[in-house]
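Student: I should like a close look at a single part of this structure, namely the pairing of its strands. Please describe it in one connected account, and then relate it to the other parts as far as is useful.

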Amino acid sequence: MRKSLRTAMGKNNDFENLKKEGLFRERRTINSAQGAKISIDGEKFLNFSSNDYLGFANNEKLKRCMIEAIHEYGIGAGSSQLITGHIEPHEILEKKLSDFFNRHASLVFSSGYHANLAIASALINKNTIILQDKLSHASLVDAALLSKGKLVRYQHCDLSHLKSLLEKYKNNDLIIMTDGVFSMDGDCAPLLEISKLCNKYHALLIVDDAHGIGVLGGKGAGLIEELNLEKEVDLLIGTFGKSFGAAGAFIAGSETLIEAFIQKARTYIYTTALLPALAATITHTLDMIERSKNLRLHIRELVADYKKLSKKAGMCVGGSDNHIQPLIIGGANEAMQISKALYKKNILVSAIRPPTVPKNTSRLRISITAAHTKNDISLLVKTLSKILNERGQ
Ligand SMILES: Cc1ncc(COP(=O)(O)O)c(C=O)c1O
């Protein structure tokens, strides 16, 4: 390796150390479409690691819809949205998103990461204090770090900590950015209380509900619908990579806020637009999400089953009643060993380790989807509890 490259890599080059600490990341090649069962090296695996919560990633109707849209609009947008990349399906999707989420305006992005980073250039100035939950998703953190403002984090869901920070910084421009459903813990932000604090301290409230949309709320509009807080949340962010089963993202809010993104958001202006065929497909997916009450109910029943069976087996289940169920192990190596033991039994549950989660909270992140069956859940709990027992955990 050239010396300059070695210097540039610095500590990051210490792969052996990462391996020793159980923090080395490896990819697996999947040879099938997403679903409750996936194929790896010709073997079938029961998949509890997917964010395809409604099982739409390989849905026949949606696949046909995308193929038709490709025939009409081709495979790419050709440029960014502000040049010639804002195509009819984008416009139709934005209107549909605004109606579905009860907002004045919406904007689509190539990914949730882009959508969150957009906040840095669209809304944050050097006088802005960005308050975030300690367990916010990395893309929210990065938005604040890339901005001219200052990031201040409050303890997870700790309202008195948040209040004390709002008091401390009350003379600044204040933005609170939080996940709706937390991605690695599955619990929900106390949005009602946070919105009251926002009113009191004149703070802008931004909620990224990537993991709540599709699964929570009567029509699947997420945590904000469930809590009836549409009027309290200034800006909603959602991704199409989770319950929509695809990729891409949107933001939704007032016309003025959305205009600020069109004018200023660098990750909107300087990137190729979302595939138009994907935008056309997502428009249909929204209708399917609205009609998927039975799938949401099925997920809820599976989660209840999982919690009941786990408790019976003596496993430690956390506070989440949602489709993301973390099983906290502690050490990264231990979490990896348990994940590998499950893999040997053809069950895929990823070990989530630092820096994705705080030190000593490495975990198995069990994702329960509408594509799973009751039998899948009982097989998971049986296999997992046997592995934990054999390890004396
Ligand atoms: C809360 C949250 N926001 C944003 C993202 C990023 O979304 P995307 O995968 O569309 O970039 C993710 C997940 O990846 C997420 O969990």
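Tutor: In this predicted model, leucine 46 stands opposite isoleucine 347, a residue of strand S11. That position belongs to the pairing of S2 with S11 (residues 347-348), which runs in the parallel sense over 2 bridges. Strand S2 (residues 43-47) also pairs with strand S1 (residues 37-40), here in the antiparallel sense and over 4 bridges. Leucine 46 appears in this second pairing as well, for lysine 37 stands opposite leucine 46 in S2. As a general matter, the strands of a sheet pair through backbone hydrogen bonds, and the pairing may be parallel or antiparallel.

The connection from S1 to S2 deserves attention. The two strands form a hairpin, with 2 residues between them. In the turn, aspartate 41 has a positive phi of about 50 degrees.

A further set of strands makes up an open sheet: 3 strands in the order S10-S13-S12, with antiparallel pairing. At its edges lie strand S10 (324-330) and strand S12 (351-352), each of which pairs on one side only. Between S10 and strand S13 (residues 362-367) there are 6 bridges, in the antiparallel sense. Within that pairing, proline 326 stands opposite arginine 365 in S13. Helix H15 (residues 332-344) packs on this sheet and touches S10, S12 and S13. The direction of H15 makes about 35 degrees with that of S13.

Helices also pack on one another. Helix H5 (residues 88-100) and helix H13 (residues 276-290) pack at an angle of about 25 degrees, and their axes are 8 Å apart. Angles under 35 degrees count as roughly parallel, and H5 and H13 are therefore roughly parallel to each other. The crossing of H5 past H13 is left-handed. On the H5 side the contact includes Pro89, Ile92, Leu93 and Phe100, and on the H13 side it includes Ala279, Ile282 and Leu286. The residues of this contact divide into 9 nonpolar, 2 polar and 1 charged.

Finally, there is the ligand. A shell of 14 residues surrounds the ligand, and the closest are Ser111, Gly112, Tyr113, His137 and Ser183. Helix H6 (residues 112-123) gives the most to this shell, with 3 residues. By class, the residues of the shell divide into 3 nonpolar, 9 polar and 2 charged.

Methods: Residues are numbered from 1 along each chain as its sequence is written. This is a predicted model: local features need pLDDT of at least 70, side-chain atom pairs count only at pLDDT 80 or more; totals for chains, interfaces and linings use all residues. A residue is near a molecule or strand if its C-beta atom, placed from the backbone, lies within 6 Å of it. Ala, Val, Leu, Ile, Met, Phe, Trp, Tyr, Cys and Pro count as nonpolar, Asp, Glu, Lys and Arg as charged, and the others, Gly among them, as polar. Axes are lines fitted to C-alpha atoms, for helices over the stretch in contact, and angles run from 0 to 180 degrees between N-to-C directions. Angles under 35 degrees count as roughly parallel, over 145 as roughly antiparallel, 65 to 115 as roughly perpendicular and the rest as oblique. A crossing is left-handed if the near helix is turned anticlockwise from the far one by less than a right angle, and right-handed if clockwise. Two residues are in contact if their C-beta atoms, placed from the backbone, lie within 7 Å. Two strands pair if DSSP finds at least two bridges between them.
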